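Here is a short guided tour of a model you may want to open alongside the text. Take a moment to turn it around before reading on.

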Amino acid sequence: MEGIFYGVGVGPGDPELLTLKAVRIIQECEVIAVAVSDKSADRPVYDTVRREEHGGYLKRCTAYQTALPSVPGMEEKEMLYLPMPMIKEKEKLKKIHDECADAAGEILAQGKKIAFITLGDPSVYSTCLYVHKRLKRQGYRTCLVPGIPSFCAAAARMDTGLAENREEIHIIPASYGVEESLGLPGTKVLMKAGKKMPAVKQAVKDRGLKARMAENCGMPDERIYEDVEDIPDDAGYYSLMIIKE
């Protein structure tokens, strides 16, 4: 009997925001899959005995560290390390994602269940979707377990709503250019600006918009910025900007 591939959202980074269902599913799965962005990781690795040389991956994996305090026995699970480099070369990424899906498929064929844990919600810009959709096409059993999205957690942290009545919400991947999207009506959520932060800040200022930003929301090094002028150009990867009309 084939196993099940779960894409499990563990929330924005606060262990207390992990859902009860996420905890249960992770506990029920024999294997935990995590995305590895280290340049040294160039192929999927299935580790059934948790070799010490892979410990560095887990220390740097925010999703794993978020779930760890809330999931008893998690540190004893088998691990599947899946390379997810932060590059934009489509053909190279396709090859890597195919290999990741193949590695997961081999484990599912053994009847084991896999929980691919991811920050936020697995349906929103999640690396696990690259594997999920391939396995789904191949006929494997798949399931997504929702998590609290980072923009909902950031709005709560800022003690503000995102939309009311007929207001629209637009979720925008900020690393691909935001100039046109900033003209959309309603609330704009800019996610993962990364190295494009200086350009994003300038685009916001050029339009005369007021923006607030959460960096590492829910994590120990969380920071909230109330004005775009205060946002550092080198803000971390987990930075989320909210712009309201």
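The report below goes through two sheets, the helices that pack on them, and a cavity.

**The six-stranded sheet**

Please keep in mind that this is a predicted model. Let us start with an open sheet of six strands, arranged in the order β3-β4-β2-β5-β1-β6 with mixed pairing. Its edges are held by β3 (45–47) and β6 (141–145); each has a single partner strand, so one side of each is left without a neighbour in the sheet. On average, neighbouring strands here are turned by 20 degrees against each other, direction ignored.

Within this sheet, β1 (residues 4–9) and β5 (residues 114–118) run parallel and are joined by five bridges. If you look along that pair, you will find F5 opposite I114 in β5.

Two helices pack on this sheet. Helix α1 (residues 20–28) touches β1, β2 (31–36), β5 and β6. Helix α4 (residues 90–108) touches β1, β2, β3, β4 (78–83) and β5. Their angles to the strands are listed in the table further down.

Helix α5 (residues 128–137) is worth a look as well: C128, V131, H132, R134 and L135 are buried in this helix. Those buried residues pack against β1, β4, β5 and β6, and also against helix α4. Just after α5 comes G139, which takes a positive phi of about 95 degrees.

**The five-stranded sheet**

Now move along to the open sheet of five strands, in the order β7-β8-β11-β9-β10, again with mixed pairing. Here β7 (169–173) and β10 (223–225) are the edge strands, and each pairs on one side only. From one strand to the next, the twist averages 15 degrees. Three bridges link β9 and β10 in the antiparallel sense, and M213 has Y225 in β10 as its bridge partner.

Helix α6 (residues 150–157) lies across β7, β8, β9, β10 and β11, while α7 lies across β8, β9 and β11. The table sets out the helix directions for both sheets.

| Helix | Strand | Angle between directions |
|---|---|---|
| α1 | β1 | about 145 degrees |
| α4 | β4 | about 160 degrees |
| α6 | β11 | about 65 degrees |
| α7 | β11 | about 5 degrees |

**Helix α7 up close**

Which residues of α7 (residues 197–206) are buried? They are M197, V200, K201, A203 and V204. Viewed down the axis of α7, these buried residues fall within an arc of 160 degrees, so they line one face of the helix. A helix rule helps to picture this: an α-helix has 3.6 residues a turn, so residues three or four places apart point the same way. The partners of the buried residues of α7 are β8 (187–191), β9 (211–215) and β11 (239–243). After α7 comes G208, with a positive phi near 70 degrees.

**A cavity beside these elements**

A search of the whole structure turns up one cavity of 30 Å³ or more. The largest cavity holds about 30 Å³ of space. Its lining is made of A174, L190, M191, K192, A193, M197, V200, M213, S239, L240 and M241. Two or more lining residues come from each of β8, α7 and β11, and β11 gives the largest share, three residues. Two residues from the account of α7 return here: M197 and V200 are buried in that helix, and both are among the residues lining the largest cavity. M213, whose bridge partner in β10 is Y225, is another of the lining residues.

Terms used:
Residues numbered from 1 in each chain as written. Predicted model: local features only at pLDDT ≥ 70, side-chain atom pairs only at ≥ 80, totals over all residues. Heavy atoms only, no water. Buried < 20%, exposed > 50% of the residue type's maximum accessible area, 1.4 Å probe, protein only. Helix = DSSP H or I, 4+ residues; strand = E, 2+ residues; numbered from the N terminus. Arc of directions from axis to C-beta. Contact = heavy atoms within 4.5 Å. Pairing = 2+ DSSP bridges. Axes fitted to C-alpha atoms, helices over the stretch in contact; angles between N-to-C directions. 1 Å grid on protein atoms, 1.4 Å probe; cavity = no way out; pocket = protein on both sides within 12 Å on 5 of 7 lines; lining within 4 Å. Points joined across faces, edges and corners; volume = space filled by probe spheres on them.
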